[in-house]
Amino acid sequence: MDELRSLIFRTDRLGDFIISCPFIISYKKKFPETNISIVSSEYNSNYIKNFSFIDDVVPLKMKINFLRKLYYLFQMILILRKKKYQNIIVLDGKKRSFFISLFLKGDKSILLQSKGLVLFSKIFNYKRVINYEIQNQIKNFSYLANLLNFNIDLDNIKLYKNYNFKRKFDFQKKYIIIHLDEKWYKDLYYSDFTDINPTSEQINSFVKKILHTTDNNFEVVITSGSKKIAHLETFLSDFNKPVNNFYTKQVNNVCVRFIKNTTFNDLESLVKYSSFLVCCEGGISHVSNNFNIPTIALYEKNRLLHTKFWTGHMTKLTLVERKSMCDLLNDNQFYNLLKTKINNS
Amino acid sequence: MNLFSKKGTKILHIADMHQRHQGRLFYSSGKKINNGFIKNNFNVLQISDRDFLKSNVFNYKKNSFINYIHNTIKNFNPDIILFGHVDSLNEKDIYELKNDHKDVKFSQYFLDTLDPNFEQFSRHKDRFFLKYQICDTNFITTNPSSLDFIDKSKTFFIPNICDRSIDILENYKYENLEYDIFFALSHGQHGGILKKGYIDERVEFINQLKLNDLKKNFFGIDKNPVWGEQFFLELSKCKMGLNLNRGMPIKYYSSDRISSLIANGLLTFLQRGYSYEEFLEDRIDVIYFEDHLELTDYIKYCSKNYNERSKIACNGKETYFKNFENILVTKYMVEKILEHKLSHKLSWMN
């Protein structure tokens, strides 16, 4: 008998993949015999391999010139066409994924991200759900699951069960993470966002305020993203000489650590054992949600609906409006909130 | 006194209120739900979709219907919009309504079976799914845990409700009634009459009952179903009633005839397999049967034993109201929709 296979397209960012995991895990629970292959972005493919509920990852090369891309797409279609799938699910709603799926054999469904594919998906008889932003997207995933006759039971989703952790850090004391990535700087992120733009001195003050708020009971670990931030270089000037991108210094007799060029795997491992996370809303808040770590995430005021679309299902997340670092330093409500959340956790 | 200092819950109830049927369906579930809201002192306003859209050739009235809803929302400012079987609005219409009124809680109730083995299952599922994605809460008459395709975090069971102002009969008080057993089926309540060539599996079951020496008041088999006050008149003449569902048993589902029978004091026979034993005790509140042979024996025995019949029927009515009265059910619905703590916890509530 042929092996039972299902193919899921998720060719976008890490956060998109993580938020899709409850859907994929529940699908696997409903159809345990099925072999799940993910068509992912090239960037995500290695990361996705860490999850035991995924049997195979097919990376989609997109950062190549048009002719090579076309050649590559057709090659991919020819390979994927050799198998018949129980379900082909275009979870990213991308045109490229829809295009590939058109040539494949199996029952097809799509989570539509835009109106562009509504008509075509109707013509080609896809089960379709529109990923409406007026509600958190887990509800839209859930509706697609229901159309495919299964259910997402969020309470029983253990994303990191059997996950291949590469734990590099083992801190003895409890710690709070400040994830200081490019999202804090509008020039490196969305130009229409409120610029938090923390300077080196302000980062220092922010760390001190957090230490003070928590009565120096927690250490602070500062993590960074992949983009180079000039202020961070200055900020690091009074840290001890680094060992493997790992900087330390003492503030109020409490250890403050900085991890330069933090990888996503490092972040997962750090978040897992942390007590609290402060970040700008993004992929990392999905990680903290899966570890049940209380989190304060900064969001852009005029994008509240969009933010809730991504985070509405996160029970331990508190959203705080983005403001300049100067305002954030003087925002007593922020520190009161931090204290309350830490005390309650 | 500042009128706005005391804010009550406002509900816009969009469902078929059967005005075009001129009173023929005054005891419909939609009516009982509406009455429940009023009895709970909620401020409820109705829009009867099918009356509004009567003679809607080529769907030309749809836009004016949607405008009517928008204007009503604007004028009434409801906290909740509760949809009944409003099949005229599709997913896109519901999305646009929700998008324009994000602070209003959207909810629906769906009273038809969602049993996957039922012959018209996919039609029922499609109708239910028209509003399901956008509705914050959904209420169904089947246990959600029995259905694979239902999000249990936003879908809840409600029973077929009874209403003290409608279900007023007390047949158990009378030893000598004209008929022994009542049964009614219809080929759709809107048409009201039997359709030619339509085969209902329940007729075959009824024909297997050996009740030659008993007086039967059956509708929907050889004679057309009865409606309105005539339905209650015929019901009032009977000692016992038979509740028979189509399809395979599924947890908690029943058609709404169950409330018409038990809540009006008839000794009622229920099929096994629907888990109603969790609410109504066998031979205490109702009598459960497995097949036509067992049912035949029970009907014959109970028709002759008034005391036993009366006691069970009386208990049944009392238990049914204690668990499924519209005041309780609609309060539960509102508490679920508004995510409030339940003020009253009964075994069927989750």
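**Three helix pairs and a pocket**

In α7(A), the residues A:Phe206, A:Lys209, A:Ile210 and A:Thr213 meet A:Asn332, A:Phe334, A:Tyr335, A:Leu338 and A:Lys339 of α13(A). The class split of this contact is five nonpolar, two polar and two charged residues. The model is a predicted one.

Now take the geometry of this pair. Two packed helices are described by the angle between their axes and the distance between the axes. Helix α7 of chain A covers residues 200-213, and helix α13 of chain A covers residues 332-344. They pack at an angle of about 45°, and their axes lie 10 Å apart. α7(A) is therefore oblique to α13(A). Their crossing is right-handed.

Move to chain B. Helix α3 (residues 62-76) packs against helix α4 (residues 91-100) of that chain. Here the angle is about 25°, with the axes 11 Å apart. Angles under 35 degrees count as roughly parallel, so α3(B) and α4(B) are roughly parallel to each other. α3(B) passes α4(B) in a right-handed crossing. On the α3(B) side, the contact is made by B:Lys62, B:Ile66, B:Ile69, B:His70 and B:Ile73. On the α4(B) side, B:Asp93, B:Leu97 and B:Asp100 take part. These residues divide into four nonpolar, one polar and three charged.

Another pair in chain B is α1(B), residues 29-39, with α11(B). Their axes come within 8 Å and cross at roughly 80°. That angle makes α1(B) roughly perpendicular to α11(B). From α1(B), the contact draws on B:Lys32, B:Ile33, B:Asn35, B:Gly36, B:Phe37 and B:Lys39. From α11(B) come B:Asn326, B:Ile327, B:Thr330 and B:Val334. By class, the contact of α1(B) with α11(B) has four nonpolar, four polar and two charged residues.

Next, the empty space. Rolling a probe the size of a water molecule over the atoms shows where empty space is left. The largest pocket holds about 1600 Å³ of space. It is lined by 49 residues. Closest to its centre are A:Asn136, A:Leu154, A:Gly312, A:His313 and A:Thr315. Several elements give two or more residues to the lining. In chain A they are α1 (14-30), α6 (137-147), α10 (283-290) and α11 (304-311). Chain B adds α11 (326-337). Thus α11(B) both packs against α1(B) and helps to line the largest pocket.

Which element gives the most to the lining of the largest pocket? That is α11(A), with four residues. The lining as a whole divides into 17 nonpolar, 14 polar and 18 charged residues.

Conventions
Residues are numbered from 1 along each chain as its sequence is written. Chains are lettered from A and ligands numbered from 1 in the order in which they are written. This is a predicted model: local features need pLDDT of at least 70, side-chain atom pairs count only at pLDDT 80 or more; totals for chains, interfaces and linings use all residues. Side-chain values use heavy atoms; hydrogens and water are left out. On a 1 Å grid over the protein atoms alone, a cavity is a set of points where a 1.4 Å probe fits but cannot get out, and a pocket is an open set with protein on both sides within 12 Å along at least five of seven lines; lining residues have an atom within 4 Å of a point. Grid points are joined across faces, edges and corners, and a volume is the space filled by probe spheres set on the points. Ala, Val, Leu, Ile, Met, Phe, Trp, Tyr, Cys and Pro count as nonpolar, Asp, Glu, Lys and Arg as charged, and the others, Gly among them, as polar. Axes are lines fitted to C-alpha atoms, for helices over the stretch in contact, and angles run from 0 to 180 degrees between N-to-C directions. Angles under 35 degrees count as roughly parallel, over 145 as roughly antiparallel, 65 to 115 as roughly perpendicular and the rest as oblique. A crossing is left-handed if the near helix is turned anticlockwise from the far one by less than a right angle, and right-handed if clockwise. Contact means heavy atoms within 4.5 Å.
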